[in-house]
Protein chains: 2
Amino acid sequence: MEDHVSVTFEPEGKTVADSSHTLLELAQSANISLRGECGGAGVCGKCKVQIIKIVGSLSEPTEKEREHLKEDEIAEGYRLGCQTKVLSGRCTVYIPPGSRTGKRVISGIGLDEEVPLEPVVTKVHLSLTRPTFADTRPDRERLEDALGEDAGMSLGILADLPATLRNADWEVTVVRWKNQIIAVEPGDTTKDTFGIAVDIGSSKVICHLVSLVTGETLARTHTENPQIMYGEDVVSRITYASKSPENLLKLQELVINTINSLIEMACNESGISPDTIYEMTFVGNSVMHHLFLGVSPKYIGVAPFVPVVGAMVSFPAKDLGILMNCEGMVTAIPLIEGYIGSDAVANLIITKIGQKNGVSLTIDIGTNSEILLGNRDKILACSAPSGPSFEGAHITSGMKAVPGAIESVDIEGEILRYTVIGDALPKGICGSGVIDLVAELFLAGVITKTGKFRDLNHPRIIVDGVPKFVIAWKDESATRSDITITEKDINEFLLAKGSLKTGWTILSETYGIDPSQIDTIYLAGSFGTHVDIENAITLSIIPDIDRKNILFAGETAVGGAKMALKSISEREKLRQLLAKIEYIELSVEPSFNREYLASIPISRT
Amino acid sequence: MEDHVSVTFEPEGKTVADSSHTLLELAQSANISLRGECGGAGVCGKCKVQIIKIVGSLSEPTEKEREHLKEDEIAEGYRLGCQTKVLSGRCTVYIPPGSRTGKRVISGIGLDEEVPLEPVVTKVHLSLTRPTFADTRPDRERLEDALGEDAGMSLGILADLPATLRNADWEVTVVRWKNQIIAVEPGDTTKDTFGIAVDIGSSKVICHLVSLVTGETLARTHTENPQIMYGEDVVSRITYASKSPENLLKLQELVINTINSLIEMACNESGISPDTIYEMTFVGNSVMHHLFLGVSPKYIGVAPFVPVVGAMVSFPAKDLGILMNCEGMVTAIPLIEGYIGSDAVANLIITKIGQKNGVSLTIDIGTNSEILLGNRDKILACSAPSGPSFEGAHITSGMKAVPGAIESVDIEGEILRYTVIGDALPKGICGSGVIDLVAELFLAGVITKTGKFRDLNHPRIIVDGVPKFVIAWKDESATRSDITITEKDINEFLLAKGSLKTGWTILSETYGIDPSQIDTIYLAGSFGTHVDIENAITLSIIPDIDRKNILFAGETAVGGAKMALKSISEREKLRQLLAKIEYIELSVEPSFNREYLASIPISRT
């Protein structure tokens, strides 16, 4: 048994209690600003904190900490937040300004939102009176009377009922989903009530196992979405699934099997039985959502891009073959539109922009970037067709944000510096690196507003067929080839970032405000957390507002699913929230072409 | 195309319209008294009627009519009701007093109760607007909006929805069961809405196919219940089913296959597709009810005899494997108690005793006889363990009421007359024959009040081991053996009829009335329709009240299921009715032993 643990973060003065997470994870869960650009891998060294008080014990400094911290720093209590756990007792942690920046992550992968527990699944332990000649009520009605309300049950539960009641000596626990009885279990099992929140991403599937009694997240598992073999982007998966019912079924099976293996891992890790998982909530973009349900995404792919279902719907887990209680239920977090999925809705749940007076903007950058703008009165939503360049595709040396990718670039005069994910030799450049590169190239006068090289005699520009700017020379790259960017690449990128600016400009116009009047900007999704704010503003990827009001929402998707899993009130709020959302189809807006053309060049002077 | 037909019965002056039923069937459907002891087989000749006006055409007199009617009778317009159909035009039929008797059948097999159509299954034809960029509502929400209310649907319907809507060019018919969408069909299919009412009797299964648009019964099919091979009575089937889950499943499969073949026959006969049958309602005694649902009847068989479920419950047809629309629903008419099944409830639906001011008594005689007493305020119910003698079992020459059974006996001095079902040579004696025989033997002074032979020298008494009264000598029997009754047989019968008297006596006492104050008696079930009222009163099988208030309810079971199928209001009334019913367990009543001992001897002086 572990001791009671409490950690207070200063200067916020917020206290959290947990010994199983790192200080970085705890800070993120409490919405406290702490940098963590490498995602907690111990690579970037930016989550440096100072332990100012400890009554209890800490984990020993790791090798990674010793790499980043000097001996006297360690002596003064400096640690890396991503490496340090408070094992017991009370601890006060100071986060120095250098570890803060404008990046205030309000939620990260696997971190819990605090919400009063009010799950849809409820258990009641009942001691039934035995039948006598004076009381010959049928078994089912006896149970219903003890429950105090009408409750339907399946034929399967009904058929098992006489044996269940008598074997349990009339002491049973009734499990309900809404007012439907989904299980009758012998004895008192009220403590064994679990749920699963799943984020079905197009590249990654994340699964959190949650106790619906304590609210605690017991296990977090994730893996790659194996549908990737049928296309990295959603459009290829729509195409594949639309070809035949068998293809659709194949994609559905792939994701269901993946979820089941994640559930199995989570159950093994926490020592619970899948039979005690009674509800699963899930988020995903519209295509992932449809493929999981076995519903064709064909018409999401063709104008006017309509999904088959958008509302919050629930289906029996057995109809989907999910590894959980056989009478359990699976609930879909609603979609907004064909290209604005329930991951965007999860974003709204976490950022709470629909509960605020000030107008907020959220941007989740991807092949189709979801942009939402609004407040408690109204929320406008659009999907900007930003293309794959933010994900490193369609760029000569582009790659995903995985180890070996150049993720940030800094140009000072003649000197170009970059950082690489995993501190390895570079193999290519990912989206956040391209943003930095293009902004820095422009600020350094290497390229024009429209992305043309000003001087082909620049020492880093080589002309090999077409002119190329060399980011890393072949002798410093892992591939032994130059890592470069061409004018065509830059143009591709400018088209992409132009589409984002067009999105938030049209939303602001429609809302009737100037973008500078936006109170808060949330950068959502894993991509958002790697973006350099200043460069993003230079390129008009986001509007130019007070930096301290630009926040990183992190990967909100699974968190949103989890809030809906834990609370029926949150679901109700969600329903109200959705009623406030108005979708703007950019491509049919009269101002679209004008805005788009104006948005492509770099506008910073 | 057949002409419009109308038949008016005099002296009632009631008019009914139908060319597909015989005059006997039409009279029964309109609750008009017309004898039909042979069940409409053309054998008894008691349904003689006179055609007093015809503008149109009648069926030609059959051979059976020519056997029973003299030439001049036919010339005067006399016909047999069971043989005659009005083929076209208007006809007025007079029912002479001799064709009436005290037997007023209020409902018979296959006859429809008039009830305003208000089925639970409803269809709506919708013309949906097509999606545009200005209206990108998802398919499901588009349908729901057009429907004007929330409606759930299964994953299967959802998955088919995009193709269904587009293939049907957005013109569809939505089928709902309560507020659940159970089908979305291309085009306008509102006219193709059917339901099935099933009576699962322990010996016979009856199935009626009903249009839920016109209310018409399109086909009536019936067959033997093949569970008979596992025991004729419910107790043996409980025993068999309780031995193993496989046995229970076997009995369930037998009845489901039987129902499916009856549905198939009904569909073929009326040219409709099983896919257009959306609901099935069924009645049956508690054991038949449980076996059909695959729910163990074990605890109905042991004290205190509790069923697993009694309320009106509905389950998806696919969970039972019923041949109907795959999303259709199966609804159980509620049970009252372990030994008072939904067939008794159907009886209440048809007799409407729960809507009347006067107190009515209904008796359905069988191995366990269901007795109900009450009015609009309260209904008492009990089950009298009357044993199998009313069904011809446990009696030396006893047999079921099938061709060859002596069904009525009349003794005048030395002369004994009997009638045989099917006008054949006798093989044995059935329940109604035993009632007549015992009453007549008592009235003729052959037996004492306690059923002992007064004079062993009676010409019809032979002593062959034990004394036996000969009903039919071997030279007049089909078996070439004497058909006889022994004192032991008579005693067995007196115990059975004593149990019935005990039932209605205790119910009357509990209700606080004298049995003579009962307003109306309904004899239910097929057995009831064959009983001679006078003899039944002589033996105290029923209380001695004004003969004109003793009615034959006939086989009410399928009719009750059909009323519930046609009308949601009838189901609601049923729910209210059930709340008024109080069950009396006879065996634990303090007065039971005293009453029972007093009820065994014949009490008529």
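These exercises work through the contacts, domains and local geometry of a predicted model.

Local features need pLDDT of at least 70, side-chain atom pairs count only at pLDDT 80 or more, and totals for chains, interfaces and linings use all residues. Residues are numbered from 1 along each chain as its sequence is written, chains are lettered from A and ligands numbered from 1 in the order in which they are written, and side-chain values use heavy atoms, with hydrogens and water left out.

**Exercise 1. The two copies**

Task: Find how chain B is laid on chain A.

Solution.
Step 1. Superpose the copies by least squares on the C-alpha atoms of residues with pLDDT of at least 70 in both.
Step 2. Read the operation. A turn of 180 degrees and a shift of 0.1 Å along the axis lay chain B on chain A, with an RMSD of 0.2 Å.
Step 3. Draw the conclusion. The two copies are thus related as by a two-fold rotation axis.
Step 4. Locate the axis. In chain B, Asp319(B) has the C-alpha nearest to the axis, at 6.3 Å.

**Exercise 2. The interface of the chains**

Task: Describe the contact between chain B and chain A by residues, area and polar pairs.

Solution.
Step 1. Count residues in contact (heavy atoms within 4.5 Å). Chain B gives 39 residues and chain A gives 39 residues.
Step 2. Compare the two sides. Of the interface residues of chain B, 100% are also interface residues in chain A, so the copies meet through the same surface.
Step 3. Take the buried area (the accessible area, 1.4 Å probe, that two parts lose on being put together, summed over both). Between chain B and chain A this is about 3200 Å², and carbon and sulfur atoms give 73% of it.
Step 4. Name the main contributors. Phe133(B), Leu155(B) and Val308(B) lose the most area to chain A in chain B, together 22% of what that side buries.
Step 5. Look for salt bridges (a side-chain nitrogen of Lys or Arg within 4 Å of a carboxyl oxygen of Asp or Glu). The rule finds zero across this interface.
Step 6. Count polar contacts (a pair of N or O atoms within 3.5 Å; within protein, one must be able to donate a hydrogen and the other to accept it, and residues adjacent in sequence count only if both atoms are side-chain atoms). There are 12 residue pairs in polar contact between chain B and chain A, both at pLDDT 80 or more.
Step 7. Assign helices and strands (DSSP runs, H or I of at least four residues and E of at least two, numbered from the N terminus). On the side of chain B that touches chain A, helix H4 (139–147), helix H5 (155–167) and helix H9 (317–320) of chain B each supply at least two residues. H5(B) gives the largest share, six residues.

**Exercise 3. Two domains of chain A**

Task: Describe how domain 2 of chain A touches domain 3 of chain A.

Solution.
Step 1. Set the bounds, which come from an automatic or database domain assignment. In chain A, domain 2 spans 121–186 and domain 3 spans 194–332.
Step 2. Place the domains. Their centres, taken over C-alpha atoms, are 31 Å apart.
Step 3. Count the contact. Domain 2 of chain A gives nine residues, and domain 3 of chain A gives nine residues.
Step 4. Find the area. About 730 Å² is buried between domain 2 of chain A and domain 3 of chain A, with 62% from carbon and sulfur atoms. In domain 2 of chain A, Val121(A), Trp177(A) and Ile182(A) lose the most area to domain 3 of chain A, together 67% of what that side buries.
Step 5. Check the pairs. Between these domains there are zero salt bridges and four residue pairs in polar contact, both at pLDDT 80 or more.

**Exercise 4. Local features**

Task: Examine Glu73(A), Pro304(A) and His394(A).

Solution.
Step 1. Glu73(A) and Lys48(A) form a salt bridge through their side chains, at 2.8 Å from N to O. Glu73(A) sits in helix H3 (residues 71–75) and Lys48(A) in strand E3 (residues 48–58) of chain A, 25 residues apart.
Step 2. Ala303(A) and Pro304(A) are joined by a cis peptide bond, with omega about 0 degrees. Ala303(B) and Pro304(B) are joined by a cis peptide bond too, with omega about 0 degrees.
Step 3. His394(A) is not a glycine, yet has a positive phi of about 60 degrees. His394(A) lies in the loop between strand E18 (379–384) and strand E19 (405–412) of chain A.
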